[in-house]
Amino acid sequence: MNDIITTACKFVTSSIGRKILVALTGACLLLFLVGHLAGNMTIYGGCAGCGGKSWIDYYAMGLHSMPAWLLWAIRLGLLAVFVIHVLLALVLKYENYNARTHYQKEGTLKATLSSRTMVITGVMILAFLLLHLWQLTLNGDPANCYEHVVLGFQNPVCSAAYIVAICCLFMHVRHGVQSVMQTLGLGTRKVRPLYNIVAVLFALVVCAGFISIPLAVLTGILH
Ligand code: HEM
């Protein structure tokens with residue numbers, strides 16, 4: 001037992017262990033995004049605008065009809081994954097920065113914009129999440145989820161804030177997907193040159209899906 005604990009501690013305190021944990025927690029958050037997007041897409045089903053209920057209302061009510069312990073276990077699990085991801089990513093960033101020579105610190109030649117802005121886009125996503133949880137989880141009403149989302153996005157400032165946040169999410173996810181695949185060594189050697197394309201496509205599809213909702217409200221498609 002002691003050996004297992006010692007090995008686990010060594011893993012977490014080693015740089016490679018931390019990198020793997022950031023990748024694994026990042027992969028869990030990416031899965032959450034896919035699930036959340038699939039749930040959100042139900043807003044296009046049903047007919048809330050013509051008197052009926054939208055599928056998103058049934059989806060939100062379904063989520064809230066789960067036993068409270070299960071809902072809270074999922075929420076706390078997600079929060080733990082998020083906190084581990086953020087803290088370890090910041091530690092890695094700090095260690096990498098300290099390990100670089102003065103010359104390298106002056107400018108990063110090969111790094112992409114997405115990779116150089118991971119901390120700033122991460123902070124923007126965190127700020128967005130606080131606003132989002134306040135607006136839709138703390139002050140939401142599952143039975144009238146459609147109405148609540150549409151009313152929120154009819155405010156152009158609210159829609160603009162979401163669109164900016166989702167653009168940050170695009171940059172973060174674009175680099176994140178590539179990084180997860182590289183760290184976990186996914187796929188064969190032949191697949192590796194495709195990492196970048198997979199990452200861009202994944203980020204594009206997910207973020208276009210999220211952005212489509214405020215855009216559909218602003219253009220009157222959802223009303
Ligand atoms: C247009 C885009 C989005 C819409 C319309 C939307 C909609 C919603 C709604 C309606 C809920 C409340 C669900 C409920 O408890 O009834 C929710 C919760 C949540 N959303 Fe979003 N969302 C969007 C984008 C995002 C993004 C980009 C993220 C992550 C970066 C995110 C993360 C979350 C989280 C963590 C929760 C809390 C889940 C819980 O209550 O346990 N959402 N969202």
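Colleague: Which element gives the largest share of the shell around the ligand?

Modeller: That is α7, with six residues in the shell. Keep in mind that this is a predicted model.

Colleague: How many residues surround the ligand, and which are the closest?

Modeller: The ligand is surrounded by 21 residues. The closest are Ala-60, Leu-136, Thr-137, Phe-210 and Ile-213. Next, look at where the shell comes from. The elements giving two or more residues to the shell are α2 (15–40), α3 (55–64), α7 (118–138), α8 (145–153), α9 (156–183) and α10 (195–218).

Colleague: What is the shell around the ligand like by class?

Modeller: Count nonpolar, polar and charged residues separately. Here 15 are nonpolar, five are polar and one is charged.

Colleague: Let me step back to the fold. How many helices and strands are there in the protein?

Modeller: The protein has 10 helices and zero strands. Along the sequence, the pattern reads α-α-α-α-α-α-α-α-α-α.

Colleague: What does the C-alpha trace span along its principal axes?

Modeller: About 60 × 45 × 35 Å. Burial is another overall figure. Of the 223 residues, 22% count as buried.

Colleague: How do I read contacts along the chain? Which percentage joins residues at least 24 apart?

Modeller: Begin with contacts between residues at least 6 apart in sequence. Of these, 78% join residues at least 24 apart.

Colleague: Now helix packing. At what angle do α2 and α10 pack?

Modeller: Read an angle and a distance together. For this pair the angle is about 35°, and the axes are 10 Å apart. Handedness comes next. The crossing of α2 past α10 is left-handed.

Colleague: Which residues make the contact?

Modeller: From α2 come Leu-33, Val-34, Leu-37 and Asn-40. From α10 come Val-206, Gly-209, Phe-210 and Ile-213. By class, the contact of α2 with α10 has six nonpolar residues, two polar and no charged. Phe-210 and Ile-213 appear here, and they are also among the residues closest to the ligand.

Colleague: How do I check the length of a helix such as α2? What should its 26 residues span?

Modeller: Use 1.5 Å a residue, counting one less than the number of residues. For α2 the expected span is 38 Å. Its end C-alpha atoms are 37 Å apart, so the two figures agree.

Colleague: And what should the 12 residues of helix α1 span?

Modeller: Helix α1 covers residues 2–13 and should span 16 Å. Its end C-alpha atoms are 16 Å apart, so this agrees too.

Colleague: What is the count of buried residues in α1?

Modeller: Zero among its 12 residues, so to speak of cover, α1 is hardly covered.

Colleague: Which residues are buried in α2?

Modeller: Val-22, Ala-23, Thr-25 and Gly-26 are buried in α2. What covers the buried residues of α2 includes α4 and α9.

Colleague: How do I judge a single residue? Is Glu-95 buried or exposed?

Modeller: Count other C-beta atoms within 10 Å: 20 or more is buried, 12 or fewer is exposed, and in between is partly exposed. Glu-95 has 12 such neighbours, so it counts as exposed. Glu-95 is found in helix α4 (residues 68–99). Compare sequence and space as well. Glu-95 and Ser-15 are 80 residues apart in sequence, with 8.6 Å between their C-alpha atoms.

Colleague: Where does Arg-192 lie?

Modeller: Arg-192 lies in the loop between α9 and α10. With 13 C-beta neighbours inside 10 Å, Arg-192 counts as partly exposed. Its C-alpha is 21 Å from that of Thr-25, a residue 167 away in sequence.

Colleague: Where is the place of Pro-193?

Modeller: Pro-193 is in the loop between α9 and α10. It is exposed, because 8 other C-beta atoms lie within 10 Å. Pro-193 and Met-181 are 12 residues apart in sequence and 11 Å apart, C-alpha to C-alpha.

Colleague: One last residue. Where is Lys-53 found?

Modeller: Lys-53 is found in the loop between α2 and α3. With 15 C-beta neighbours inside 10 Å, Lys-53 counts as partly exposed. Lys-53 and Gln-154 are 101 residues apart along the chain, and their C-alpha atoms are separated by 19 Å.

Definitions and conventions
Residues numbered from 1 in each chain as written. Predicted model: local features only at pLDDT ≥ 70, side-chain atom pairs only at ≥ 80, totals over all residues. Near = placed C-beta within 6 Å. Helix = DSSP H or I, 4+ residues; strand = E, 2+ residues; numbered from the N terminus. Nonpolar A, V, L, I, M, F, W, Y, C, P; charged D, E, K, R; others polar. Axes fitted to C-alpha atoms, helices over the stretch in contact; angles between N-to-C directions. Left-handed = near helix turned anticlockwise from the far one by under 90°. Contact = placed C-beta atoms within 7 Å.
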